[in-house]
Amino acid sequence: MRIHNNNLNLRQIAESGQCFRMNPIAENSYGLVAFDSYIELEQVEEDLIEINCSDNDYISIWKEYFDLDYDYGSIVDSLKEGSDEFLREAAIYGSGIRILRQEPFEMLISFIISQNKNIPSIKACIERICQGYGKKLIDDKTGKTYYTFPTAEKLANAKQDDLRALKLGYRDEYIIGAARRVLNGEIDFDYLKTCSHEEAVETLKKIRGIGDKVANCISLFGLHHIEAFPIDIWMKRVLSDIYDNKFDPGRYQGYAGIVQQYMFYYIRYINGVKS
DNA sequence: TGCCAGGAAGCCG
DNA sequence: CGGCTTCATGGC
């Protein structure tokens with residue numbers, strides 16, 4: 001299955017810090033586990049992607065997953081023509097980033113794990129939790145073995161000592177507590193997708209282990225409230241060092257989360273962060 | 001060895 | 001409310 005799109009770059013998406021299970025397998029190629037599937041993708045040309053999936057799976061799964069009905073090009077273009085120099089450069093540098101429509105529960109747990117960790121460490125923790133509590137599957141097309149992300153039920157019934165053995169640190173009790181709230185219906189992702197971003201954040205922050213930053217990440221990457229604006233250590237540097245704490249996300253009302261991703265990706269590049 | 005990582009909770013003033 | 005400390009863990 002081939003996709004032409006001017007704003008779809010696998011490397012940029014894989015390194016943008018929004019997803020943790022999309023990893024390089026060869027030059028310009030990536031393997032990705034999402035839902036119950038494993039797929040491999042190749043960046044054939046700057047505007048051409050090859051996915052090893054059927055037309056049916058593309059239409060029913062991956063087209064939405066990669067948010068391919070949304071016009072990122074017009075946002076990039078408007079930023080390129082804007083007066084904000086940093087955002088001009090950031091939008092050009094990250095013009096192939098898209099906000100993936102990932103599974104809410106996976107984002108909930110992943111970003112609880114993410115606190116006070118770097119991205120390679122987050123990925124390692126998530127792989128261990130998938131191997132310990134996910135389903136072991138074998139991909140028909142490649143023969144590769146992979147593990148799905150665990151269900152809420154699995155993690156709600158996990159023992160804290162077992163999770164501690166996966167080197168999740170103090171976050172283990174947060175994970176169990178959050179999974180229980182999903183399992184018993186206190187957290188309803190279908191509702192949180194339809195309600196406002198602000199209400200979703202306030203609801204998520206009631207979970208122990210979720211503060212403002214993690215709640216915004218879940219809202220942005222798991223609920224697709226693209227007006228979310230997560231502020232982590234890197235964004236704090238952008239807002240203070242580049243903007244002297246005078247940046248107003250309200251200027252990009254309705255899609256500030258996309259702007260945030262360009263900023264996050266670019267500031268890390270400027271600072272020479274690998275992966 | 002100390003510092004940092006897509007932070008949050010507890011405590012104190 | 002704002003600032004300080006602590007919390008597991010790994011990498012440099």
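The following exercises, each with a worked solution, concern a predicted model of a protein chain with DNA strands.

**Exercise 1.** Describe the protein surface around DNA strand B, from its closest residues to its polar contacts.

*Solution.* Begin with the count: 29 residues surround DNA strand B, and the closest are Gly17, Asn118, Ile119, Arg237 and Gln260. Next, ask which part of the strand faces the protein; sugar and phosphate account for 61% of the atoms of DNA strand B that come within 4 Å of the protein.

Individual polar contacts can then be placed on bases or on the backbone of the strand. Serine 16 brings a backbone N or O atom to 3.2 Å from a base oxygen of DNA strand B, and asparagine 116 has a side-chain N or O atom 3.1 Å from a base nitrogen of that strand. Lysine 117, by contrast, places a backbone N or O atom 2.9 Å from a sugar or linking oxygen of DNA strand B. Turning to secondary structure, the elements that give two or more residues to this surface are α12 (212–222), α13 (233–242) and α14 (256–270).

Finally, sort the surface near DNA strand B by residue class, which gives 11 nonpolar, 11 polar and seven charged residues.

**Exercise 2.** Carry out the corresponding analysis for DNA strand C, and identify which residues are around it.

*Solution.* The residues around DNA strand C are Asn116, Arg164, Lys167, Gly169, Tyr170 and Arg171, and by class they divide into one nonpolar, two polar and three charged. Of the atoms of DNA strand C within 4 Å of the protein, 53% belong to sugar or phosphate, with the rest belonging to bases.

For the contacts, a side-chain N or O atom of asparagine 116 lies 2.9 Å from a base nitrogen of DNA strand C, while a polar backbone atom of tyrosine 170 is 3.2 Å from a sugar or linking oxygen of DNA strand C. Asparagine 116 should also be recalled from the first exercise, where its side chain has an N or O atom 3.1 Å from a base nitrogen of DNA strand B.

**Exercise 3.** Characterise the interface between domain 1 and domain 2 of chain A.

*Solution.* First fix the bounds: the domain assignment gives domain 1 as 2–93 and domain 2 as 104–221. Their centres, taken over C-alpha atoms, are separated by 23 Å, and the contact takes 16 residues from domain 1 and 21 residues from domain 2.

The area comes next, since the two domains bury about 1,500 Å² between them, 55% of it on carbon and sulfur atoms. In domain 1, the residues that lose the most area to domain 2 are Phe20, Arg21 and Tyr38, which together make up 48% of what that side buries.

Then consider polar pairing. Three salt bridges are counted between domain 1 and domain 2, and aspartate 36 forms a salt bridge with lysine 135, with the closest N and O atoms 2.9 Å apart. Across the interface there are also six residue pairs in polar contact, with both residues at pLDDT 80 or more. On the side of domain 1 that touches domain 2, β2 (22–26) and β4 (37–45) each supply at least two residues, and the residues of that side divide into eight nonpolar, five polar and three charged.

**Exercise 4.** Which parts of the protein does the salt bridge between arginine 2 and glutamate 50 tie together?

*Solution.* A search of the whole structure finds 12 salt bridges. The side chains of arginine 2 and glutamate 50 meet in a salt bridge, at 2.7 Å from N to O. Arginine 2 lies in strand β1 (residues 2–4) and glutamate 50 in strand β5 (residues 48–51), so this pair ties together parts that are 48 residues apart in sequence.

Methods. Residues numbered from 1 in each chain as written. Chains lettered and ligands numbered in written order. Predicted model: local features only at pLDDT ≥ 70, side-chain atom pairs only at ≥ 80, totals over all residues. Heavy atoms only, no water. Near = heavy atom within 4 Å. Polar contact = N/O pair within 3.5 Å; in protein donor to acceptor, adjacent residues only side chain to side chain. Helix = DSSP H or I, 4+ residues; strand = E, 2+ residues; numbered from the N terminus. Nonpolar A, V, L, I, M, F, W, Y, C, P; charged D, E, K, R; others polar. Domains from an automatic or database assignment. Contact = heavy atoms within 4.5 Å. Buried area = accessible area lost by both parts, 1.4 Å probe. Salt bridge = Lys/Arg side-chain N within 4 Å of Asp/Glu carboxyl O.
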